[in-house]
Amino acid sequence: MKIRTRLSLWYFIVSLVILSVLSIGIYWGMLRVLYRTVDEDLEIFTDMIEGSYNPMLGEFEEILWKLESAKRFQEVYLMVYDNNGRIIFASPMTQFVDFKMPLPKDDVALGFTRTTKMTRSISVLKPDENGNVTFRGISRRMFYNNRPIGWINAGLPITDIENALGKLFDVILIVNILAVLLVGIGGFIIIGRFLIPIKTITNKTKIISHSNLNERIEIHNEQDEMGQLTVTLNNLLERLYNAFETQRRFMADAAHELKTPLSVLRAHWEDEIDNPELNNDFKERLVHDIETIGRLNQMINKFLFLAQTEDVVDKMDLSKIQLDEFLNDIVSDAKILADLKEQSIDIVELTPLVIEGDRNQLYQMFFNLIDNAIKYSPQKGKIWISLRQAEQNAQIQIRDTGVGIEEKELSNIFNRFYRVEKDRSRKTGGSGLGLAICKMIAESHHGKIVVTSEVSKGSTFTILIPLFQSADKS
Ligand code: ADP
């Protein structure tokens, strides 16, 4: 799962938990406050009833009758029992609801909520859709001079409170859903913005290779952690660049230093060949040595080419190239080598296409690839060349029926000095630098080179080079 999704999900879950706990707290607090108010009313009310009863006379004092005429009294459920459980008073509400209150176990059972069925309709009560009303009740012992004389059961309808709490619940639910959604979506957007520098770093580091190590990642804000990460990466690139530079300079210097004595040696040997005093055996050895010096020279030239790395782009001599004609010429040159192994080279498709590039470098690349196809194909092998357009690129394929390359080797063959193990012992006389040079040339032309291969069946090298785009596209 992506960091963005993971963080957003966490954001969502944490805010959901916090908001839920908060909402439950608010709801619960509100419920307690409202019920407490009713409970206090009930306590005061039952105290009054208790105080107004005279067990000697078996009567209530005037206060109850005053209360009876009050409007609020219509809503009150009130039953008063004597010690034998005989009803000594029942408020009018007792006729309308079937409200079975518990008798108190000890002295008092305060603040219980009970939903009960309305048996008859009464204007002061608002039942819910099922015809039920909810009462908050108290059930307590009644005392006279500290002597228990009976029980009082009283209840007040709390439908309004329940309705208000129901509405509060709905509001809290809607607010919570909206808040959590907002936090989730907002988090997703904010985290996305926050991760932009990471994306920039990833994209940039993906395209940095040994040929453009001097490029640096853009720093958005040097003070924050992302900025510091970018600075660290840039410092790493700087150190890598310096190390590569040292290596490159060493390669170039060493190659240069070797070139001069080899040329002197070769000139010397070539002079010696004409010496009439030397016998034929010795002359043959000289010819062989001169050939070896020639191969060493070629290798040094490849060294020098690879050591150029950055300069290769600057030193490119760009011109428009009619690629089909160009390839045709290279193939006729390579045919001389193929003939030596009785191999055939066929151009199977040749679309007229124009690219812009350095003729010498491109010649070197194509010739090298065809030369490899010849080298790694058996006597009488077949080689096919094609040129076609693939989107905005010229696509050149060189296919052979050679030894092929094992899957595990494919990613390495473009590395410098890499040769497939078997070919080290085989007498193909390679250096392992050819494909590294081909890759460098393809990339300096903004193109790329890929290979597919099957052992014992053959290999296909595909090169893509952008087509020439004329400036006046009218
Ligand atoms: P070399 O000078 O050894 O040919 P390259 O860089 O040109 O060096 O090639 C690297 C290695 O890739 C070779 O040693 C060879 O094993 C393998 N290779 C290159 N081209 C082919 C091909 N057409 N068929 C099979 N193997 C190939």
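A residue is taken here as buried when its relative accessible area is under 20%, and in this predicted model that criterion is met by 38% of the 474 residues of the protein. The criterion applies with particular clarity to helix α11, which spans residues 434–444 and has nine of its 11 residues buried, so that this helix is largely enclosed by the rest of the structure. The buried residues of α11 comprise Gly 434, Leu 435, Ala 436, Ile 437 and Cys 438, together with Met 440, Ile 441, Ala 442 and Ser 444. After α11 comes His 446, for which the phi angle is positive, near 60°.

With regard to the overall architecture, the protein contains 11 helices and 14 strands. Its radius of gyration is 49 Å, well over the 23 Å that the globule rule gives for 474 residues, and the protein is therefore more spread out than a compact globule. The C-alpha atoms fill a box of roughly 165 × 50 × 45 Å when the principal axes are used as the frame. Among the contacts between residues at least 6 apart in sequence, 66% join residues that are at least 24 apart. The protein exposes about 28,500 Å², of which 56% is supplied by carbon and sulfur atoms. As to charge, the protein carries 55 positive and 63 negative charges, and the mean positions of these two sets are 5 Å apart.

Several strand pairings involve β11 and β12. Strand β11 (residues 382–390) and strand β12 (residues 393–400) run antiparallel and are joined by eight bridges; within this pairing, Leu 387 of β11 stands opposite Ile 396 of β12, and Ile 383 stands opposite Asp 400 in β12. The two strands form a hairpin with two residues between them, and in this hairpin Glu 391 adopts a positive phi near 55°. Strand β12 also pairs with strand β14 (residues 458–466), in the antiparallel sense and over seven bridges, with Asn 393 placed opposite Pro 466 in β14. Strand β11, for its part, pairs with strand β9 (residues 344–350) in the parallel sense over six bridges, and Ser 344 stands opposite Lys 382 in β11. In a regular strand the side chains alternate between the two faces of the sheet.

Two further positions, Asn 234 and Ile 87, were examined individually. Asn 234 is found in helix α4, which covers residues 225–273, and is buried because its relative accessible area is 9%, which is under the 20% cut-off. When neighbours within four places in sequence are left aside, Asn 234 is in contact with Arg 216, Ile 217 and Ile 219. Ile 87, by contrast, lies in strand β4 (residues 87–90) and is partly exposed, with a relative accessible area of 48%. If residues up to four places away in sequence are not counted, the residues that Ile 87 touches are Met 79, Val 80 and Tyr 81. The C-alpha atoms of Ile 87 and Ala 267, two residues that are 180 residues apart along the chain, are separated by 138 Å.

Note on methods. Residues numbered from 1 in each chain as written. Predicted model: local features only at pLDDT ≥ 70, side-chain atom pairs only at ≥ 80, totals over all residues. Heavy atoms only, no water. Helix = DSSP H or I, 4+ residues; strand = E, 2+ residues; numbered from the N terminus. Rg over C-alpha atoms; globule rule 2.2 N^0.38 Å. Buried < 20%, exposed > 50% of the residue type's maximum accessible area, 1.4 Å probe, protein only. Contact = heavy atoms within 4.5 Å. Areas by Shrake-Rupley, 256 points an atom, 1.4 Å probe, with all protein chains shown as cover. Lys, Arg positive; Asp, Glu negative; His and termini not counted. Charge placed at Lys NZ, Arg CZ, Asp CG, Glu CD. Pairing = 2+ DSSP bridges.
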